Amino acid sequence: MIPVTRWLRAFLLLITLMLVLPTLQLNAQTDSYTFSETGQTVQGRFLSYWQTNGGLAQFGYPLSAEVQERSDSDGRTYTMQYFERSLFELHQDTQLAATVQLSLLGVFAYRQKYPQGASGQTPNSEPNARLFPETGKRIGGLFLEYWQQAGGLARQGLPISDEFNERSELDGKLYRVQYFERAVFEYHPQNAAPYTVLLSHLGKPRYQAIYATARSGSIRAAIEMSTPRACHSATLLGNGKVLLAGGMVSDGVFTADAELYNPTTNSYDATGIMTTKRGCHTATLLLDGKVLITGGYGDGYLSSAELYDPLTGRFTNVGSLNRSREAHTATLLVGGKVLIAGGYSGVSEVSAELYDPAAASFVAVGNMSAARSAHTATLLPDGQVLLAGGSDGRDSNGTVLASAELYNPRTNSFVATDNMEVARYKHAAALLSDGRVLIVGGGNDV
């Protein structure tokens, strides 16, 4: 029989653990726990790291499942998981052993809030204060004691500010804080030890900014692309992902790289590489779900074309346009053919052609009534295409147009229509629900 005193001690210990520890639900997998407070599961190396490095006090509850994101530390994509105070990253070292590291959320938050540096900073001058020559900042007093006890450099990082007063986004109160690479320390003098120093909730606002459901009419940032691009294409696929292809990565340097944006996870998936480096091309979703990519500029003005197949993630050549062209338009017609019109190839193009997916061929059709590039092309409810504006040259060698015309697919002909009120190119056009076309913006001086 267990002595009463031992039984009582065991019972009291159990009650204490129930009060202190978060509610954990053991899953079928022995290395994963589901937190009833948020409904999220932590498993494997993330769970082990959470348990052995401070748990709830250091990291808070999990806010997300595992996601794929680019790290602020090195720009690479890792498996990550959000917690209230931190963001875990799973890294592979050279020995192929996975290790958990914390994202530099302190650096991210500090740069976002204080691009010129926080005002009112005071270096700690207490006797135990320690200067970090890497950043020129000092830690002292209770902040230094907490830093040493809570993992130091490995878990908190270097100090990137001195102490200053900041109003909390959680409760609106003013606290003495200090920013570190991976955390923000807050001084709470009203709390009893050892809770006089607490960590700010850095993971939660970052998670909400990226993943929380956006309010109607609001705009929020998406994760950065893996490759910087200008004059690229973005095409919504049938599976809900977005194909980003080609573009200019720096002045005069074009890429054939492509990637898929996944709106569900706010991440990018790798996919195939185009057969040709190009920018200022067109990308058109066909009726069979493939994407037709035509023309553009790379090693000169391009006439090449290719197809992207979402099922295989591959790009394949599909012949050539009849004319090289960039800054042209490509419009999916009612029957599935694609009207390719205008553009620039050293001169603005007056020509147009049709791509026939059934024959995988390009066939010239009648010329437009005016040569134009950087114009718009809008499919109308009756099946015709409105082509509006553009420039008949490039840079200082052309004239910005106010003219517009209609393409009739039944006759393969172009007919002039009313001019726009304002000459413009590089503008936008959108079909309204009542059949009218809204034309906005652009420039009127090449």
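In the predicted model, five secondary-structure elements each supply at least two residues of the lining of the largest pocket: strand E4 (67-70), helix H4 (105-113), strand E10 (164-167), strand E12 (184-187) and helix H7 (203-211). Of the contributors to this lining, H7 gives the most, with six residues. The volume of the largest pocket is about 730 Å³. Its lining comprises 31 residues, and those nearest the pocket centre are Phe-108, Gln-112, Pro-205, Arg-206 and Ala-209. By residue class, the lining of the largest pocket consists of 13 nonpolar, 11 charged and seven polar residues.

A nonpolar patch is present on the surface, where Leu-432, Leu-438 and Val-440 together make an area of about 220 Å². Of these residues, Leu-438 belongs to strand E35, which covers residues 437-440. The relative accessibility of Leu-438 is 43%, so this residue counts as partly exposed; the partly exposed class lies between the cut-offs of 20% and 50% relative accessible area.

Gly-141 was examined as a further position. This glycine is found in helix H5, which spans residues 141-149. Gly-141 is classed as buried because its relative accessible area is 5%, and the buried class takes in values under 20%. In sequence, Gly-141 and Asn-128 are 13 residues apart, and the C-alpha to C-alpha distance between Gly-141 and Asn-128 is 6.6 Å.

Technical notes. Residues are numbered from 1 along each chain as its sequence is written. This is a predicted model: local features need pLDDT of at least 70, side-chain atom pairs count only at pLDDT 80 or more; totals for chains, interfaces and linings use all residues. Side-chain values use heavy atoms; hydrogens and water are left out. On a 1 Å grid over the protein atoms alone, a cavity is a set of points where a 1.4 Å probe fits but cannot get out, and a pocket is an open set with protein on both sides within 12 Å along at least five of seven lines; lining residues have an atom within 4 Å of a point. Grid points are joined across faces, edges and corners, and a volume is the space filled by probe spheres set on the points. Helices (H or I, at least four residues) and strands (E, at least two) are DSSP runs, numbered from the N terminus. Ala, Val, Leu, Ile, Met, Phe, Trp, Tyr, Cys and Pro count as nonpolar, Asp, Glu, Lys and Arg as charged, and the others, Gly among them, as polar. Patches are made of residues with over 30% relative accessible area and no salt bridge: like charges are joined within 9 Å, nonpolar side chains (Val, Leu, Ile, Met, Phe, Trp, Tyr) within 5 Å. Accessible areas come from the Shrake-Rupley method with a 1.4 Å probe; for residues, only the protein chains shown count as cover. A salt bridge is a side-chain nitrogen of Lys or Arg within 4 Å of a carboxyl oxygen of Asp or Glu. Buried means under 20% relative accessible area, exposed over 50%, partly exposed in between (1.4 Å probe, protein chains only).
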